[in-house]
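The following explanation considers how helices pack against one another. Please keep the sequence and the structure in view while reading.

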Amino acid sequence: MTGWGGSRWAWRVALGALAAGLACGAADAGAVEAGAESTTVILLGTGMPVPDPHAQGPAIAVTVGARIFLFDAGAGVERQMSAAGLPVRKGPLTSVFLTHLHSDHTLGLPDVILTSWVMGRSAPLRIVGPRGTRSMVRNILAAWSEDIHVRTEGLEHDARGGQAARVIETDGGVVYDSAGVHITAIPVSHGIWKHAFGYRVDAPGRTIVISGDTAPSEALERAARDADLLIHEVYPEVRLQAEDRAGGEDWVRYMRSFHTSDHELGALCLRARPGHLVLVHIVRMGGTDEELMAGIRAGGFTGRVTIGHDLDRY
Ligand SMILES: [Zn+2]
Ligand SMILES: [Zn+2]
């Protein structure tokens, strides 16, 4: 567990400013002693589309010293950052990474862009995502153009242009490499989505892999080989059946092509051998924790498994 006390935060912010400069290639990468920074993972939101008040929309923060990397921006993301004790003023995010553009993973993107600006961000927010991200960001800013006008031209005096974002669309590969932190986008298979990614974070002392939404993925499995932490979506195999609703006859086909069952994940982890598997984005269909655990074991994985909850830290 990492504390976020004020005085401790001050030097972290100083390091963060330096790291941000390094990300632009503005300084010598050796200037930050990577080994001195600790890495923490915070599950900000472990939910999926169902509006469960105990599981906010998908979002994971990885902090390395003063740098904050945000993976997905589900509903409630800025409030969850605040609940986690992360700073929300003056644009503290180093970079946002989107796994894909499904609404449950991006409903908080206007929140991240606009709230961070209202809270004092003045530099463009760096957003990495699949093709389509630039258009989504442009349309978010267009949708809130009246708000942006009122906040800059009225008595609030928010920074003109401070709402800006710098979008980097990726097809996979290295998306961040600075001062001891190396982040790679891994193309995964999420049904008919043309572009969906998991991410691997190589940080000082820790390797973290985030699945995003995916059916069993060989690329992700390779990336997760011997990772310290694999954070993966899942559903319980024993609960999967056609649903009694319009289109419900395709539910099984949908789940099999878009998502990963506990049996499949257990088998994947048996091969990849992550140090610790954390389950998030659980499409439960009424399934219990015990059923999920039994499903993972049935797949063959005998290592450490945790059911993730909002605001858990690793
Ligand atoms: Zn999702
Ligand atoms: Zn999805």
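**Helix packing**

Helices α9 and α10 are oblique to each other, because the angle at which they cross falls in neither the parallel, the antiparallel nor the perpendicular range. This description, like those that follow, refers to a predicted model. The angle in question is roughly 45°, and the axes of α9 (residues 262-272) and α10 (residues 289-299) come within 6 Å. The crossing of α9 past α10 is right-handed. On the side of α9, the contact is made by Asp262, His263, Glu264, Leu265, Gly266, Ala267 and Leu270; α10 contributes Leu292, Gly295, Ile296, Arg297, Ala298 and Gly299. By class, the residues of this contact comprise six nonpolar, four polar and three charged.

A second pair of helices can be read in the same terms. Two packed helices are described by the angle between their axes and the distance between those axes. For helix α4 (residues 109-118) and helix α5 (residues 133-143), the axes come within 10 Å and cross at roughly 55°. That angle makes α4 oblique to α5. The crossing of α4 and α5 is right-handed. Leu109, Pro110 and Ile113 of α4 meet Met136, Val137 and Ile140 of α5 in the contact. What is the division of the residues in the contact of α4 with α5 into nonpolar, polar and charged? Six are nonpolar, and there are no polar and no charged residues in the contact of α4 with α5.

Conventions: Residues are numbered from 1 along each chain as its sequence is written. Chains are lettered from A and ligands numbered from 1 in the order in which they are written. This is a predicted model: local features need pLDDT of at least 70, side-chain atom pairs count only at pLDDT 80 or more; totals for chains, interfaces and linings use all residues. Axes are lines fitted to C-alpha atoms, for helices over the stretch in contact, and angles run from 0 to 180 degrees between N-to-C directions. Helices (H or I, at least four residues) and strands (E, at least two) are DSSP runs, numbered from the N terminus. Angles under 35 degrees count as roughly parallel, over 145 as roughly antiparallel, 65 to 115 as roughly perpendicular and the rest as oblique. A crossing is left-handed if the near helix is turned anticlockwise from the far one by less than a right angle, and right-handed if clockwise. Two residues are in contact if their C-beta atoms, placed from the backbone, lie within 7 Å. Ala, Val, Leu, Ile, Met, Phe, Trp, Tyr, Cys and Pro count as nonpolar, Asp, Glu, Lys and Arg as charged, and the others, Gly among them, as polar.
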